[in-house]
Amino acid sequence: MKRIHYILSSLFALMIFSGNIHAWEAASADSMVHDSLHKRRLASYTIIPKGDWQIGMAASYMNISTDNSDYLLILDGTSANASILDISLQGGFAYMNNQSAGLRFKYSTGNCLIDASTLDLLGNFSLDIENIRAKYLSYSAYLFNRSYIGLDRLARVGFFIDAALGYVRSRTDVFVQDMHSSYSTNDKISLVLSPGIVYFPMNNVSIYASVSLADISYNYSKGFKDGVFVGDRLSFRAQSKLNLLALSFGITVHL
């Protein structure tokens with residue numbers, strides 16, 4: 001009888017021990033899966049805390065010509081150049097960690113000058129051009145939301161993406177032989193997506209670079225020649241491409 005009792009007790013103890021081993025193995029397996037998922041997930045640190053006020057400006061300038069750019073190689077026989085300047089002011093507020101919203105105002109101007117030259121399209125078509133100048137001017141206002149991803153524990157470096165909805169008013173004037181020939185106006189409502197990178201050289205100052213990646217817009221254009229209205233056009237445009245002409249650099253003060 002004692003032998004049977006001893007055998008039953010031993011079997012019971014072995015069952016408990018084996019159950020504990022199985023539970024430990026299952027917990028270890030779950031821990032390994034969790035660690036593996038954590039390693040694959042991109043860690044995001046808080047780089048913009050809730051309640052942060054932001055005041056900043058951004059600017060970009062580009063100058064291209066037949067001397068330093070492939071864009072104007074279709075102009076043969078002379079020099080031509082074009083320049084574009086963008087300046088924007090913005091203010092925002094972080095309504096939660098790594099999320100801010102605000103208002104942005106932007107001013108843009110551009111000039112293009114072509115002397116007497118020949119427009120050559122792959123040798124199949126050519127057109128003589130003589131002393132043509134164009135001037136572009138626009139004003140815009142945007143509501144934007146900026147989402148950040150912090151990349152380090154010290155909150156110094158991060159990525160962001162801007163979603164901006166706004167209105168743009170622009171005008172383009174064309175001059176031929178130094179005489180005002182024609183002009184057009186354009187009213188645009190657009191949604192722009194712009195990714196970028198931000199760096200904090202100081203605790204309350206950041207610098208950033210961003211570029212336009214996608215643009216959805218509704219446009220209403222009107223054309224005038226010698227001061228007389230000649231026609232208008234409605235158009236809808238959606239494009240997704242890396243627009244290097246919209247590359248901008250900015251600085252922001254955080255309060």
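## A buried group of charges

In this predicted model, aspartate 162 and arginine 104 are both buried, and the two residues form a salt bridge in which the closest N and O atoms are 2.9 Å apart. The pair links distant parts of the chain, since aspartate 162 belongs to strand E8 (residues 157–176) while arginine 104 belongs to strand E4 (residues 99–114), 58 residues apart.

Aspartate 162 also forms a salt bridge with arginine 146, and here the closest N and O atoms are 2.7 Å apart. Arginine 146 lies in strand E7 (residues 132–150), 16 residues apart from aspartate 162, and both members of this pair are buried as well.

## A salt bridge between E10 and E11

Aspartate 215 forms a salt bridge with arginine 237, with 3.9 Å between the closest N and O atoms. Aspartate 215 lies in strand E10 and arginine 237 in strand E11 (residues 228–254), so this salt bridge ties together parts of the chain that are 22 residues apart in sequence. Aspartate 215 has a relative accessible area of 9% and is therefore buried, whereas arginine 237, at 40% relative accessibility, counts as partly exposed. Salt bridges that share partners join Arg104, Arg146 and Asp162 into one network, and a search of the whole structure finds six salt bridges.

## The chain and its strands

The secondary structure of the protein chain comes to one helix and eleven strands, and along the sequence the helix comes before the strands. Of the contacts with a separation of 6 or more, 63% are between residues 24 or more positions apart.

Strand E9 (residues 179–202) pairs with strand E10 (residues 205–225) in the antiparallel sense over 17 bridges. The two strands form a hairpin with two residues between them, and serine 184 stands opposite glycine 223 in E10.

## Inside and outside

Buried residues make up 30% of the 255 residues in the protein chain. The largest nonpolar core has nine residues, among them Ile47, Ile48, Tyr148, Phe160 and Phe200. A second, separate core of five residues includes Phe144, Ala164, Val168 and Val192. Phenylalanine 200 touches Ile47 and Ile48, and its further contacts include Ala155, Arg156 and His254.

On the outside, a nonpolar surface patch of about 720 Å² is made by eight residues, including Met57, Leu89, Tyr139 and Ile251. Methionine 57 is placed in strand E1 (residues 53–65), and methionine 57 counts as partly exposed because its relative accessibility is 37%. The accessible surface of the protein chain comes to about 16700 Å², and 65% of this surface belongs to carbon and sulfur atoms.

Definitions and conventions
Residues numbered from 1 in each chain as written. Predicted model: local features only at pLDDT ≥ 70, side-chain atom pairs only at ≥ 80, totals over all residues. Heavy atoms only, no water. Pairing = 2+ DSSP bridges. Helix = DSSP H or I, 4+ residues; strand = E, 2+ residues; numbered from the N terminus. Patch = residues over 30% accessible without salt bridge, like charges linked within 9 Å, V, L, I, M, F, W, Y side chains within 5 Å. Areas by Shrake-Rupley, 256 points an atom, 1.4 Å probe, with all protein chains shown as cover. Salt bridge = Lys/Arg side-chain N within 4 Å of Asp/Glu carboxyl O. Buried < 20%, exposed > 50% of the residue type's maximum accessible area, 1.4 Å probe, protein only. Contact = heavy atoms within 4.5 Å. Core = buried A, V, L, I, M, F, W, Y, C linked by side-chain atoms within 4.5 Å. Lists of a residue's contacts leave out its neighbours within four places in sequence.
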